[in-house]
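Colleague: Could you take a close look at one part of this model for me, the place where the two chains meet? I would like a connected account that I can follow with the structure open beside me.

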Amino acid sequence: MNGKHMSVFDVAGRAMSAQLVRLNATASNLANAGGIAGSKATAFQSIRPVFKTVSDRDGVATVTIDRVIAAGPQPSKRHEPEHPLADANGDVWQAGVDTAAEIVDMLEAARQYQNNVQVLQTAKTLALDTLRLGQ
Amino acid sequence: MSGFVDQLFGVHGQALALRSQRLALLASNIANAGTPGYKARDIDFSSALARAEQGMSAEKAVSDSLAYRVPMQPSLDGNTVELATEQTIFAENAVQYRTSLSFLSGRINTLMTALRGE
């Protein structure tokens with residue numbers, strides 16, 4: 001923040017970016033739900049960002065993405081010898097995605113994103129009102 | 001100069017500065033609603049205002065009055081942000097900021113009327 005303190009706009013703006021990464025991860029997980037692969041290593045597994053607090057001065061802190069980890073259930077094996085991707089044993093691997101959990105995560109990310117938008121709007125209105133002070 | 005401004009705006013100038021700092025604090029809590037291990041913080045406004053009235057800077061008064069919020073129901077990941085609580089206090093603080101603003105604009109209008117002598 002070029003040596004200056006973080007403003008409300010920085011706090012809420014960076015939190016929105018973090019929530020957007022989470023929403024993208026959820027979208028990618030849901031898009032890959034039901035995907036089939038020929039081995040466990042190539043099968044898709046859910047990804048999830050890990051949030052981390054970024055502290056500024058006392059008490060003021062925003063959030064960033066620390067790293068993205070593989071989370072959720074392991075890819076599951078299914079016996080399907082007719083499948084074109086089946087391995088020597090006639091097994092295929094289904095993507096490890098818990099669809100219900102992903103949708104819950106999506107709703108939560110959307111709600112928290114909205115909360116930050118609300119914070120931004122309130123801060124903007126107050127700042128503009130302050131600028132108009134005395135006019 | 002600051003003595004003159006203090007006389008002119010009274011407690012409202014300091015209140016506005018503190019309200020704006022508190023806005024950033026509450027925004028931080030809302031921003032970290034999903035961060036594991038984050039502890040929500042807030043200030044005791046009246047003690048911060050008392051400190052500011054004794055001549056402390058707004059930032060120092062805020063950092064001296066900081067405290068951790070006690071959650072109604074602690075969550076398993078160690079996060080103590082309760083969105084309903086934070087949003088209520090955020091809205092309350094925004095209204096109080098606006099109240100300080102209207103007090104200030106009242107002072108300015110009074111002064112302008114006196115200056116114009118209309």
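Modeller: What follows is a walk through the contact between the two chains, from its overall extent to its individual residues. Please keep in mind throughout that this is a predicted model. Chain A brings 26 residues to the contact and chain B brings 29 residues, and between them the two chains bury about 2400 Å², with 64% of that area lying on carbon and sulfur atoms. On the side of chain A, the residues A:G59, A:L126 and A:L133 together supply 22% of the area that this chain buries against chain B, which is more than any other three residues supply.

Turning to the polar side of the contact, the rule finds one salt bridge across the interface of chain A and chain B, and in it the side chains of A:D129 and B:R98 meet at 2.6 Å, N to O. Across the same interface of chain A and chain B there are also six residue pairs in polar contact, both residues being at pLDDT 80 or more.

As for where the residues of chain A come from, the elements of chain A that give two or more residues to the side touching chain B are α1 (8-32), β2 (47-55), β3 (61-70) and α2 (99-131). Among these, α2(A) gives the most, with 10 residues. Sorted by character, the residues on this side of chain A, where it touches chain B, divide into 11 nonpolar, 11 polar and four charged.

How values were computed:
Residues numbered from 1 in each chain as written. Chains lettered and ligands numbered in written order. Predicted model: local features only at pLDDT ≥ 70, side-chain atom pairs only at ≥ 80, totals over all residues. Heavy atoms only, no water. Contact = heavy atoms within 4.5 Å. Buried area = accessible area lost by both parts, 1.4 Å probe. Salt bridge = Lys/Arg side-chain N within 4 Å of Asp/Glu carboxyl O. Polar contact = N/O pair within 3.5 Å; in protein donor to acceptor, adjacent residues only side chain to side chain. Helix = DSSP H or I, 4+ residues; strand = E, 2+ residues; numbered from the N terminus. Nonpolar A, V, L, I, M, F, W, Y, C, P; charged D, E, K, R; others polar.
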